[in-house]
2 protein chains.
Amino acid sequence: MTIQQRATLDDVARLAGVSAKTVSRVYSHRDQVAPDTVDRVLNAAKRLRFRPNTLAQNLRRGGGSSTVGFIMGEMLNPFYSTVAAGIERELADHGFTLIVATTGDSVEGEERVADTLLAQRVGALLLIPVGEDQSYLEGERQLGTPVIAIDRPARNLVADSVVLANRQGAHAAAAALVGHGHRRIAYVCNPASAYTQSERVAGYRAALREAGVDGSGRWERLLDDPAIPPDEVVRELLSHPEPPTAIIAGNNRMCIGALRAIRDLDDPPALIGFDDFDTADILGVTVVGHDPLEMGRQAARLTIERMQQPTGFTTQLELPTHLIPRGSGERAPVT
Amino acid sequence: MTIQQRATLDDVARLAGVSAKTVSRVYSHRDQVAPDTVDRVLNAAKRLRFRPNTLAQNLRRGGGSSTVGFIMGEMLNPFYSTVAAGIERELADHGFTLIVATTGDSVEGEERVADTLLAQRVGALLLIPVGEDQSYLEGERQLGTPVIAIDRPARNLVADSVVLANRQGAHAAAAALVGHGHRRIAYVCNPASAYTQSERVAGYRAALREAGVDGSGRWERLLDDPAIPPDEVVRELLSHPEPPTAIIAGNNRMCIGALRAIRDLDDPPALIGFDDFDTADILGVTVVGHDPLEMGRQAARLTIERMQQPTGFTTQLELPTHLIPRGSGERAPVT
DNA sequence: AGCACCGATGTCAGCGTTGTCTTGTTCTGT
DNA sequence: ACAGAACAAGACAACGCTGACATCGGTGCT
């Protein structure tokens with residue numbers, strides 16, 4: 001026998017000799033059903049290859065309570081894809097499915113895909129904010145859709161957020177470099193507009209100030225032009241008449257760019273990157289590490305909590321960062 | 001004014017003084033509507049912050065024709081997340097949304113998440129097969145859901161597939177090593193059960209055979225125990241009384257493991273990895289490269305094609321691989 | 001015996017859309 | 001001036017499911 005049509009509750013009900021509602025009850029476990037009725041229903045369902053229609057369930061229940069949307073800039077950066085992995089795992093553990101959408105790191109993209117996801121009636125929205133303003137989500141939030149910001153807090157919007165201890169991590173990196181005798185310490189990043197970078201820069205500056213080291217900004221390179229290759233920024237920096245003896249790279253891309261720029265140098269500057277990466281141990285790169293998988297999990301956990309019992313309050317979760325010494329950050333200054 | 005309720009077609013219709021169907025027409029662009037009616041409707045919709053309910057649309061149209069499901073083993077491997085990125089981009093370009101689900105690389109997981117996605121009535125299913133048998137999807141396929149296998153062909157199931165030129169890539173790697181004078185060439189991978197690995201091993205063996213080099217399998221390590229760390233496999237191999245002078249690593253993980261194992265050796269063996277990775281150029285690692293982003297895009301393109309006009313035929317797409325020499329694979333054998 | 005109660009099931013309407021069919025109005029050609 | 005097309009818009013049912021309410025036979029208690 002071949003099934004030609006997708007089976008519905010009614011089909012199963014007819015075959016089992018009960019009403020559609022009873023079949024519904026068997027699947028939703030909310031109501032008592034006699035054991036042998038359950039058997040009859042399940043047998044009929046198996047025979048017909050019945051699968052409850054989540055679409056219809058969600059429509060009926062008013063809102064796609066079983067799906068969660070995640071808006072990210074792009075999936076190619078391992079940091080983001082690891083966060084996504086954490087979200088997906090946690091959601092799956094709780095029976096939710098994840099819809100992902102990328103914005104191409106553009107502000108219009110963000111609003112556009114948010115619209116698409118909300119049209120799908122996702123039960124909650126996770127996002128890594130790109131723009132300076134997420135107020136366009138305010139209406140939706142008031143309608144009861146939890147919004148959770150990841151990596152950066154949302155702007156002009158009441159929303160929970162899960163971020164890293166950026167300031168503290170950068171502070172630790174700069175302080176360590178000072179401790180190794182460095183006085184000309186650079187901070188490079190591109191793009192630099194995001195919240196994360198301004199926090200990290202703040203931590204870096206604070207550490208220099210506390211140590212009484214030149215914090216004039218001469219060795220800061222805070223760019224905002226995706227067209228400039230990371231290694232070029234570092235090369236320019238090092239061609240300075242009085243080049244820095246140590247470099248802090250604002251993120252994984254910048255760090256790898258810096259590695260490209262300094263690999264053939266006789267006396268490479270010390271280097272500390274932000275974000276750990278796969279081959280950092282092999283390359284001996286000191287980094288400010290953290291746990292992006294856990295970040296995703298925490299965010300998802302918070303999301304589920306908010307979907308299950310909405311509150312007026314919002315939480316700001318900050319996950320720790322810690323310095324992982326691997327050699328490149330422990331080089332003494334060369335004069 | 002604050003909206004308390006999500007607006008529906010009817011709400012918009014009432015405010016615009018037309019019928020719900022007319023509002024529907026305005027949004028679906030399938031039917032003629034008078035220009036000034038369109039204006040009235042759009043104004044009303046904007047005032048009410050109306051967003052068409054995709055859930056209801058998909059239910060009504062019979063099947064979630066606007067969503068596509070993607071089943072992958074795990075998102076942490078950059079190869080897979082890059083494929084996912086390619087899929088997402090291509091789908092988004094065509095107005096589809098992507099639901100991702102991971103199986104934790106387990107066979108039961110695969111069937112379980114497939115079920116979840118099909119319950120969501122996805123319009124098509126993309127998957128990286130894990131198990132030896134995807135016949136459980138046959139019924140669904142007959143109901144008209146296109147199924148597209150990525151990286152490995154589906155087993156016991158009529159499905160399109162997009163794979164790499166694995167055999168040819170491994171052949172090229174082995175042949176190159178032979179060309180550099182190597183005679184004891186190892187192939188290591190873990191897990192080894194997958195289609196990709198058997199193809200690669202076949203290519204490797206063929207190249208050895210053609211060159212008249214020892215193909216006894218003495219230097220093959222085809223494991224299937226995720227608990228064994230990749231670097232350990234390589235260490236064991238090198239502790240052999242007559243160790244290989246060159247190693248081909250079956251995938252990115254194995255390659256990085258091999259790097260860990262050989263980095264402190266005075267005379268490291270030549271190394272060629274399968275799959276390119278972020279810092280491979282810095283580490284000077286020769287790899288068999290390919291384009292996972294494009295792989296995702298092609299798969300998504302094929303998916304869309306199949307959703308729009310189903311055919312009885314299936315395509316097997318094979319994407320090229322090419323050797324990228326960066327030094328580690330060009331080392332001469334040390335005796 | 002009478003009544004409240006409970007457990008197991010059924011009936012019905014409606015979630016927000018859209019396909020099909022119908023109605024009414026305006027335009028075209030002879 | 002009038003048939004027939006072309007257009008604009010509405011009425012209604014249905015997609016698959018579940019919440020609210022109704023029904024019915026059986027228990028337990030007074």
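This passage describes the DNA-facing surfaces, the nonpolar cores and one aromatic pair of a predicted protein–DNA model.

Local features were considered only at pLDDT of at least 70 and side-chain atom pairs only at pLDDT 80 or more, whereas totals for chains, interfaces and linings use all residues of the predicted model. Residues are numbered from 1 along each chain as its sequence is written, chains are lettered from A and ligands numbered from 1 in the order in which they are written, and side-chain values use heavy atoms, with hydrogens and water left out.

DNA strand C is surrounded by 24 residues, of which Thr22(A), Thr37(A), Arg60(A), Ser24(B) and Arg60(B) are the closest; a residue is near a strand if one of its heavy atoms lies within 4 Å of it. Of the atoms of DNA strand C that come within 4 Å of the protein, 57% belong to sugar and phosphate. Polar contacts (pairs of N or O atoms within 3.5 Å; within protein, one atom must be able to donate a hydrogen and the other to accept it, and residues adjacent in sequence count only if both atoms are side-chain atoms) reach the phosphates of this strand from both chains. In chain A, a side-chain N or O atom of Thr22(A) is 2.5 Å from a phosphate oxygen of DNA strand C, and a polar side-chain atom of Thr37(A) also lies 2.5 Å from a phosphate oxygen of that strand. In chain B, the corresponding distance for a polar side-chain atom of Ser24(B) is 2.6 Å.

Helices (H or I, at least four residues) and strands (E, at least two) are DSSP runs numbered from the N terminus. At least two residues each are supplied to the surface near DNA strand C by α2 (20-28) and α4 (54-61) of chain A and by α1 (9-16), α2 (20-28) and α4 (54-61) of chain B. The most is given by α4(B), with four residues. This surface has eight nonpolar, eight polar and eight charged residues, where Ala, Val, Leu, Ile, Met, Phe, Trp, Tyr, Cys and Pro count as nonpolar, Asp, Glu, Lys and Arg as charged, and the others, Gly among them, as polar.

Around DNA strand D there are 23 residues, and Leu9(A), Arg60(A), Thr22(B), Arg25(B) and Thr37(B) come nearest. Sugar and phosphate make up 59% of the atoms of DNA strand D that come within 4 Å of the protein. A polar side-chain atom of Thr37(B) lies 2.3 Å from a phosphate oxygen of DNA strand D, and a backbone N or O atom of Asn53(A) lies 3.0 Å from a phosphate oxygen. A base oxygen of DNA strand D is 3.5 Å from a backbone N or O atom of Arg60(B). Two or more residues each come from α2 and α4 of chain A and from α2 and α4 of chain B, and α4(A) gives the most, with four residues. By class, the surface near DNA strand D has eight nonpolar, nine polar and six charged residues.

A nonpolar core is a set of buried Ala, Val, Leu, Ile, Met, Phe, Trp, Tyr and Cys residues joined through side-chain atoms within 4.5 Å; buried means under 20% relative accessible area, exposed over 50% and partly exposed in between (1.4 Å probe, protein chains only). The largest such core has 58 residues, and Phe70, Ile87 and Ile150 of chains A and B touch the most other members. A second, separate core of 32 residues includes Ile99(A), Ala149(A), Val147(B) and Ala154(B).

Six aromatic pairs were found over all chains; rings of Phe, Tyr and Trp (its six-membered ring) pair if their centres lie within 6.5 Å, and planes under 30 degrees apart count as stacked, over 60 as edge-to-face and the rest as tilted. Tyr187(B) and Tyr204(B) form a tilted pair, 5.4 Å centre to centre with 45 degrees between the planes.
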